[in-house]
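Subject: A structure for you to explore

Hi there,

Here is the structure I promised to pass on to you. Have a look at it first, and then read on for what turned up.

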Amino acid sequence: MPERIIESFNIKRLDILDDNGNADESLTPSLSDSEIKRIYELLTLSRTFDHHALSLQREGRMGTYASILGQEASQIGSAFAIKKSDWIFPSFREMGVYITMGYPVHMLFQYWSGDERGMKCPDDLNIFPLAVPVGTQVPHAVGAAMAAKYKKDKVAVVCYFGDGGTSKGDFHEGFNMAGVFKLPVVFICQNNQWAISVPREKQTASKTLAQKAFAYGFEGIQVDGNDVLAVYKATKEALDKARNGGGPTFIECFTYRMGDHTTADDASRYRSKEEVEAWKAKDPILRLKLFMERNGLWTEQYQKEVEEKSRDMIDEAVKKEEAIERPHPEDMFAYTYESLTQRQIREMRDF
Amino acid sequence: MPQNSKKLNMVQAINLALKEEMQRDSSVVILGEDVGRYGGVFRITEGLLELFGEERVIDTPLAESVIVGAAIGMAAYGLKPVAEIQFMGFIYPAIDQIFSHASRIRNRTRGRFTCPMVVRTPYGAGIKAPDLHSESTEALFCHMPGVKVVVPSSPYNAKGLLISSIRDPDPVIFLESTRLYRLIKEDVPEGEYTVPLGRARIVQEGKDVTVIAWGSMLHRVLQAVEEFNAEVIDLMTLNPLDEETIFKSVKKTGRVVIVHEAPKTCGFGAELSATIAEDAMLYLKAPIIRVTGYDVVMPLPKLEDYYIPTVERIKKGIEEVMRY
Ligand SMILES: Cc1ncc(C[n+]2csc(CCOP(=O)(O)OP(=O)(O)O)c2C)c(N)n1
Ligand SMILES: [Mg+2]
């Protein structure tokens, strides 16, 4: 018997906007002018949030924070396609997703200032608390998708993680289960090329991350993660597919972490200035701006308004957060179990 | 007392609890390895696939972390998953999920998301099984606030405790002694009854010594105390601990023997001894004695009978405190 090819795969890559904001019209998703403007405003708002968070941290007014600089298109582009009734399982670097979904911004500051109450997701959203351990949220998303499928709810589940997360066992176990049960889940990896100091090629010998999906029996696609239209289109299609019983999709957003890993890191110790400079030309916000300018959607005046509005919103959120009273020490006992234990009741007498 | 009673062993009692809860509440689902078509390696879930279908009795891939991790996602979504880990020795990959997430979802979201799930797993030695099929590492899970740890010692309590665990709003680790599975039969009522979590039970009253045990050890304790005037406490729930019942008994008897199958160092007996020493020291007439497994790697079957506390060793422990 001769050897035969019994299975083969092609890995797609989706780009719509080039660095100068020219769009491939055959691929451009149908978004109204006002939706495109809304996306631009969310990109700007998220960057403003990020900038403020870094300053607050430097001033000692906030704790360690993981910047989203450079990854705004991956986050806003994907989240813009998500419905409020969908479920989201984020990692710790998804502030743009929270903001796009309409999560109260002052609560994000509250969380990063070390107050659990900031992660009490409002009732009209289903965003799980951000996962600090890398990759452990993948099984949760799979479980929620199983539950949604069992209840015949028309919702999709979205799970975010980084390139480092793809090395974890939970990534494998979760992807495998999602494939076996054909679950309504969209996995979004923000491949920002770094996991703290470990570059993407040291994370896996695979040429792409997207190709990993095929081993689990579903489709993976790489998209230009700095192209908000490409990310939106890929996510929208994957979500529609999930809602219609088509099973999971893996989207690798090829992007770059422009800042340090967190405020506790100094990236200049492990990567070159040249590398960072080269990615500056691919800035996701600049690119959408050029696209909008070409299409008569952007003016200096508009830019000023958007920036001002973002700054005001963030200033207000910071003020609101800083006016919140510290939690009472008793508060740390209150949510261990639904009711207090005999021992906790005695321990609480310390306060 | 509800309707009919039947003589059932623990396997049948647990199966009945699962069946009745699944009939009562369509949000209860089972997931794990071989739980569906095969009915579980100990036949705990036998017949449930036929009754409830594969959407509710889910044969999963062989992957402990995602079994528990998916259960967390299901629970947050509004289901009441009962996950089975085939043996306690294989739960360790899922500890990350239990410790890092199940235990703290309620806290971290101020109650917006909760984790009403049960992780059932067979534990303990005495069935001549291969490596890692005889573990009793219950103390690990008691060190994690946000998780409850329940260990039934008889068919009646197994059913009532499992029903309470499934209905509990927080994650429960439910440990089933493999040695007890088919060892004893007792009257188990059909239909609804519960045994509350967080409450110990006085199995027999006595004046001279309090003997504390749970799960697999209880039966050896009951044999060992025959010649003594001993009060026997079956903890049933290790965490949260029913301190009240323990203090009351210790204050009465003034002597304590704690019996468990796990190794002595950092076993749950250490927590019990310290708790009693802190709060009831002045009532004690004798040192607190622990009769436990040894500080060794759990031996394979040829030596396991030397490892598990015997009736003789428990008697010796009681005699020791009775010297005072
Ligand atoms: C399980 C686990 N190991 C280590 C860490 C410490 N840590 C935090 S982020 C990180 C790198 C994550 O890289 P990646 O998944 O690419 O996400 P990114 O930070 O780039 O967004 C590490 C090692 C952690 N949080 N969790
Ligand atoms: Mg990364």
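Let's begin with a term you will need: a salt bridge is a side-chain nitrogen of Lys or Arg within 4 Å of a carboxyl oxygen of Asp or Glu. Please keep in mind throughout that this is a predicted model.

**Salt bridges**

How many salt bridges does a search of the whole structure find? Over all chains, the search gives 44. Side chains of opposite charge can pair when their charged atoms come close.

A good one to start with is the pair of R110(B) and D331(A), whose closest N and O atoms are 2.6 Å apart. R110(B) sits in the loop between α5 and β5 of chain B, while D331(A) belongs to helix α13 (residues 331-334) of chain A, so this pair joins two chains. Is R110(B) buried or exposed? R110(B) is buried, because its relative accessibility is 5% and the cut-off for buried is under 20%. Its partner D331(A), with a relative accessible area of 21%, is partly exposed.

R110(B) has another feature to look for: its phi is positive, at about 50°, although R110(B) is not a glycine. The loop that holds R110(B) runs between α5 (105-108) and β5 (118-123) of chain B.

Now turn to D123(A) and R112(B), whose side chains meet in a salt bridge with an N to O distance of 3.8 Å. This pair also crosses between chains: D123(A) is in the loop between α4 (105-112) and α5 (137-150) of chain A, and R112(B) is in the loop between α5 and β5 of chain B. D123(A) is exposed, with a relative accessible area of 69%, whereas R112(B) is buried, with a relative accessible area of 18%.

A third salt bridge is formed by R106(B) and D170(B), with 2.8 Å between the closest N and O atoms. Here the pair links distant parts of the chain, 64 residues apart: R106(B) is in helix α5 of chain B, and D170(B) is in the loop between α7 (155-167) and β7 (172-177) of chain B. Both R106(B) and D170(B) are buried. Elsewhere, salt bridges with shared partners join R343(A), R346(A), E243(B), E271(B) and D279(B) into one network.

**The magnesium ion**

Which residues coordinate the magnesium ion (ligand 2)? They are D163(A) through OD, N192(A) through OD1 and W194(A) through O, at 2.0 to 2.1 Å. If you trace these donor residues along the sequence, their spacing reads D-x28-N-x1-W. N192(A) and W194(A) are both buried.

While you are in this stretch of chain A, look at Q193(A), in the loop between β4 (185-191) and β5 (194-195). Q193(A) is not a glycine, yet its phi is positive, near 75°. With a relative accessibility of 11%, Q193(A) counts as buried.

**Patches on the surface**

There is a patch of negative charge on the surface, where E305(A), E307(A), E308(A), D312(A), D315(A) and E316(A) gather. One of them, E305(A), is in helix α12 (residues 300-322) of chain A. E305(A) is partly exposed, because its relative accessibility is 43%, and partly exposed covers values between 20% and 50%.

Chain B offers a nonpolar patch on the surface, formed by M281(B), L282(B) and Y283(B), which together have about 390 Å² of accessible area. Y283(B) is in the loop between α10 (268-280) and β14 (289-293) of chain B. Its relative accessible area is 42%, so Y283(B) is partly exposed.

**Two last stops in chain B**

Where is the cis peptide bond from N239(B) to be found, and what is its omega? The bond leads to P240(B), and omega is near 0°. P240(B) lies in the loop between β12 (237-239) and α9 (243-253) of chain B.

Finally, I98(B) has its place in helix α4 (residues 92-102) of chain B. I98(B) is buried, with a relative accessible area of 1%. Along the chain, I98(B) and F174(B) are 76 residues apart, and their C-alpha atoms are separated by 13 Å.

Enjoy exploring it!

Best wishes

Key:
Residues are numbered from 1 along each chain as its sequence is written. Chains are lettered from A and ligands numbered from 1 in the order in which they are written. This is a predicted model: local features need pLDDT of at least 70, side-chain atom pairs count only at pLDDT 80 or more; totals for chains, interfaces and linings use all residues. Side-chain values use heavy atoms; hydrogens and water are left out. Patches are made of residues with over 30% relative accessible area and no salt bridge: like charges are joined within 9 Å, nonpolar side chains (Val, Leu, Ile, Met, Phe, Trp, Tyr) within 5 Å. Accessible areas come from the Shrake-Rupley method with a 1.4 Å probe; for residues, only the protein chains shown count as cover. Lys and Arg count as positive and Asp and Glu as negative; His and the chain ends are not counted. The place of a charge is taken as NZ of Lys, CZ of Arg, CG of Asp or CD of Glu. Helices (H or I, at least four residues) and strands (E, at least two) are DSSP runs, numbered from the N terminus. Buried means under 20% relative accessible area, exposed over 50%, partly exposed in between (1.4 Å probe, protein chains only). Donors are N, O and S atoms within 2.8 Å of the metal (3.2 Å for Na, K and Ca); water is not among the atoms, so sites may look incomplete.
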